[in-house]
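Trainee: I have this one open for the first time. Can we go through it piece by piece?
Mentor: Fine, ask as you go.

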2 protein chains.
Amino acid sequence: MKFKVQDVDIETGGTLVAILNKHDALMLDFHTGDRLRITKGNKSAVAVLDLAESSKAVKRGYLGLMEEVLKRISAKQGSTVNISLEEKPKSIALIKSKLDGRKLSADDMDAIIGDIVHNKLTEVEITYFVAASYVRGLDMDEVVALTKAMINTGQILKVDRYPVVDKHCIGGVAGNRTTMVVVPILVAAGYCVPKTSSRSITSPSGTADTMEVLCNVDLSIEQIRKVVDKVGGCIAWGGAVNLAPADDKIITVEHPLSIDAEGQLLASIMAKKGSVSATHVLIDIPVGKGAKIERMDKAKHLRDEFMKLGRKLGMKIVVVITDGSQPIGNGIGPALEARDVMWVLMNHKDAPQDLKHKALLVASEMMRSYPLSHWKSRHGYHYAKQLLESGKALEAMERMINAQGAHVASPEKIKLGKSRLDVKAGKDGRIVHIDNVSISRIARVAGAPFDKGAGIYLYHHVGDKVAKGDVLFTIYAENSQKLDYAKDYLKQYDGVVIE
Amino acid sequence: MKFKVQDVDIETGGTLVAILNKHDALMLDFHTGDRLRITKGNKSAVAVLDLAESSKAVKRGYLGLMEEVLKRISAKQGSTVNISLEEKPKSIALIKSKLDGRKLSADDMDAIIGDIVHNKLTEVEITYFVAASYVRGLDMDEVVALTKAMINTGQILKVDRYPVVDKHCIGGVAGNRTTMVVVPILVAAGYCVPKTSSRSITSPSGTADTMEVLCNVDLSIEQIRKVVDKVGGCIAWGGAVNLAPADDKIITVEHPLSIDAEGQLLASIMAKKGSVSATHVLIDIPVGKGAKIERMDKAKHLRDEFMKLGRKLGMKIVVVITDGSQPIGNGIGPALEARDVMWVLMNHKDAPQDLKHKALLVASEMMRSYPLSHWKSRHGYHYAKQLLESGKALEAMERMINAQGAHVASPEKIKLGKSRLDVKAGKDGRIVHIDNVSISRIARVAGAPFDKGAGIYLYHHVGDKVAKGDVLFTIYAENSQKLDYAKDYLKQYDGVVIE
């Protein structure tokens, strides 16, 4: 059938879309989501059909096409094109079968993830995949297949070393920049650690946001490879490289219903690790009220699943279940956290001891479990402490910062928000709870992570005795307006419970 | 937060959409599917957020809005608007709970269906509802709640009569215009039958397409009421009135995966019946190879479900399980079917006896089960036959045709496609199968239902003995090109099996 082209001035950046007037589609028995092959001369493209209800959008006899399709078939406004119905991707039938309770093979998973990455499936179709995986569950074979499919459809960082260590924290704990201390310790110990981290999604800072205070984190895969070759490790932003890109598309359709499917969580994490050629993976699962995992049995179950998945993927896994009941470190927000990290690495008097202790615990767990081959004996906590306190870890950090492109040389030069507010204890007593969710929320309202200097600095932790009027924490914001937002939020809840 | 308005020249006709540049959304921690309240002065609207990957679509600092939103808040290109995050509809949490296996209450179902009809849910969210209902299943209470919610969110035809009869056929059988014979018989008998029918979706003709050959079917709800008041019945196109509109939106997201959920099927059918105030419903379930329902056990199960649902809705249900193994009537395609129907009503010598017999069977089942109160005894097949053969049913049909707006007065004047091809038997033998799917496909390829005169006329049915060279059927098309399409299809399969 012949249609005239209408140039619709919009780009989705995802699936190719062609728009027909609803009446034309009705006549042709075409439906939303059908695949159309659009041909002009010897060029053709396949697009997903969408319908325009009104003739304002797309007139009858016209086919609405976006820039991307127009380019591919060298068409423009008013060109005549031929359209025909194309078979739908086979992955759709596979998704249907999963919805019906059938198990997906590795080939099935490759087909589905391949089509997701190559924009061949619509959001509705991806939603069915997520719903099916969530309700029917994915067994371990399926999670393995999903993980491998995610790795193979993205960029892969090839690292010619052994062991290659990566680390992941399940998250939900404010502050907690453990990664930025653990990586330098492990690099100082001789491990290769090509760490890619995320920016904040709902927290006041992600590791990439905090590292960015100190140096550039926006590295290409080639730049990561060079940095890692040179200094043995890096802490870069994963979003700048195309590791396991299926994940983002799946998360987009999970978000509206806050779907949190275990199989997809496992695959998502391990795919990022596989994408940087990790041979050893350190997983930190913080447990406690306000953390992402609130119950110990759930944490242990997750640990077991990670161990199983690691075995099937041929990776060594070390899982550390840690205390996630309150913020770790004193600073919350990119600049304040970066200063804490540097203070720990510099053995500064103001270094938060909880962050130092946790980092040593986590790093030493890897060292004890998988010692380097040239070591004469296993090393643990004391060796990690020695690397940190001798300044070796700081040296490793400085090498990484310089190789990535330094921003700030010393913690004293890190800029903090100029508008500040001290929040004081309303009564005498003991701090019984510091709520991760509330503290994070205040820091975000104050401007973190977008304003690097915004956030919270805690002077006390759970268990401390305080007197009425003692400063509990300081809020930092870029300007007084943002500080006012935080003040407003404080009226509801300040996050610190004194009894 | 303040944004400048960018007028994006597209209309969806569904959910209100606002588009942000991906980078702005990332900064604000906004996600696809989030609800934004957009305010200008004292006017505001809530829209669903979509993200533009490129700044070509929506520049940073701009909010892309469509005509519909612009009108509501009196904004135009370059206006400054304020945006804030709005709570998502509560129905989303209900859909999530169904996905998690919880049962939905009547209030829950009202909330979900209300939000679907009022364009408050995105396609992704509706997809989760469909997936959840499909995988978890809907129990009878939920189907009842869904049916009622669908009825109450659409237009309702109020009919001040009793009984009000409606009829539905599960479909899949080529030809089979039983409705157009049954309705006149029942109207002649004194029942009130406000019948709304669909157009073809995948078949060569829907009842509305066939009736349209004879008269106007595009009636408003007020026109339907007038016709029914005047002549006791009608056969109109349901698509012109807004009966149970949630159904269409649900079907749109079912289509990509060909989801066929029983609960939704039951609710969808019964909601249309409830919307015309039906008190008595006649359900025809054709069973056989190539029909929608291929196995008797499935048909019986469906019958039981209809009976249960009817009881809960306070409707009397009559279910007839019929032979759906081959086409019914000789004509397939709007004009050819309309001619068959008129021939049956006129007791013409060429009237297809199978169509006549089936219509009598179906109509008499209602008459026997629920006789009219003024009848002295129950009436059945013989009374139906009498109404048909005496011309009373024809009179009723003519009254309906005239009240709706006649197109063609007599079957001789119905125009058939001018390009014709006789398809002949390739060998001597007996016809053992006529395939509904293939016959329908040939008729569609030849142009039905869009070309009213296109289709197939069958000279033989299953069981007939034929000799090599006997004409099995004639294909009608509007022009020789379309006839060629049908010829091409015939090379693969002609739909008639002789042994």
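Trainee: Is Asn402(A) buried, exposed or partly exposed?
Mentor: This is a predicted model, and in it Asn402(A) counts as partly exposed because it has 14 C-beta neighbours inside 10 Å. A buried residue would need 20 or more, and an exposed one would have 12 or fewer.

Trainee: Which helix does Asn402(A) lie in?
Mentor: Asn402(A) lies in α16 of chain A, which covers residues 392–404.

Trainee: And how far is the C-alpha of Asn402(A) from that of Cys215(A)?
Mentor: The two C-alpha atoms are separated by 7.5 Å, although these positions lie 187 residues apart in terms of distance along the chain.

Trainee: Stepping back, how many helices and strands are in chain A?
Mentor: Chain A has 18 helices and 18 strands. Its radius of gyration is 26 Å, close to the 23 Å that the globule rule gives for 499 residues, so chain A is as compact as a globular protein of that length. The C-alpha trace spans about 80 × 55 × 45 Å along the principal axes.

Trainee: What share of chain A is buried?
Mentor: Buried residues account for 55% of the 499. As for contacts between residues at least 6 apart in sequence, 78% of those in chain A join residues at least 24 apart.

Trainee: Which residues have the most contacts inside the largest nonpolar core?
Mentor: That core has 294 residues, and the ones with the most contacts inside it are Ile185, Leu186 and Ala446, listed for chain A and for chain B.

Trainee: What does Leu186(A) touch, leaving aside its neighbours within four places in sequence?
Mentor: Leu186(A) is in contact with Val165(A), Tyr191(A), Val193(A), Ala363(A) and Met366(A).

Trainee: Now sheets. What is the strand order in the open sheet of four strands?
Mentor: In chain A the order is β12-β15-β17-β13, with antiparallel pairing. The edge strands are β12 (331–332) and β13 (419–424), each of which pairs on one side only.

Trainee: How many bridges join β13(A) to β17(A)?
Mentor: Six bridges join them, and β17(A) covers residues 471–477. Within this pair, Asp422(A) stands opposite Thr474(A).

Trainee: What about β6(A), how do β1(A) and β3(A) join it?
Mentor: β1(A), residues 2–7, runs antiparallel to β6(A), residues 80–86, with three bridges. In that pair Phe3(A) has Val81(A) as its bridge partner. β3(A), residues 35–40, is also antiparallel to β6(A), with five bridges, and there Arg35(A) is partnered by Glu86(A).

Trainee: Changing topic: how is chain B laid on chain A?
Mentor: A turn of 179° and a shift of 0.1 Å along the axis lay chain B on chain A with an RMSD of 0.1 Å. That is the relation of a two-fold axis. In chain B, the C-alpha nearest the axis belongs to Val124(B), at 2.7 Å.

Trainee: How many residues are in contact between the chains?
Mentor: On the chain B side 37 residues are in contact with 36 residues of chain A. Elements giving two or more residues to the chain B side are α3 (91–99), α5 (123–136) and α10 (246–254). The largest share, 10 residues, comes from α5(B).

Trainee: And by class?
Mentor: The side of chain B that touches chain A has 17 nonpolar, 11 polar and nine charged residues.

Trainee: Why do you say the copies meet through the same surface?
Mentor: Because 97% of the interface residues of chain B are also interface residues in chain A.

Note on methods:
Residues are numbered from 1 along each chain as its sequence is written. Chains are lettered from A and ligands numbered from 1 in the order in which they are written. This is a predicted model: local features need pLDDT of at least 70, side-chain atom pairs count only at pLDDT 80 or more; totals for chains, interfaces and linings use all residues. The radius of gyration is taken over C-alpha atoms; the globule rule is 2.2 Å times the number of residues to the power 0.38. Two residues are in contact if their C-beta atoms, placed from the backbone, lie within 7 Å. Ala, Val, Leu, Ile, Met, Phe, Trp, Tyr, Cys and Pro count as nonpolar, Asp, Glu, Lys and Arg as charged, and the others, Gly among them, as polar. A nonpolar core is a set of buried Ala, Val, Leu, Ile, Met, Phe, Trp, Tyr and Cys residues joined through C-beta atoms within 7 Å. Two strands pair if DSSP finds at least two bridges between them. Copies are superposed by least squares on the C-alpha atoms of residues with pLDDT of at least 70 in both.
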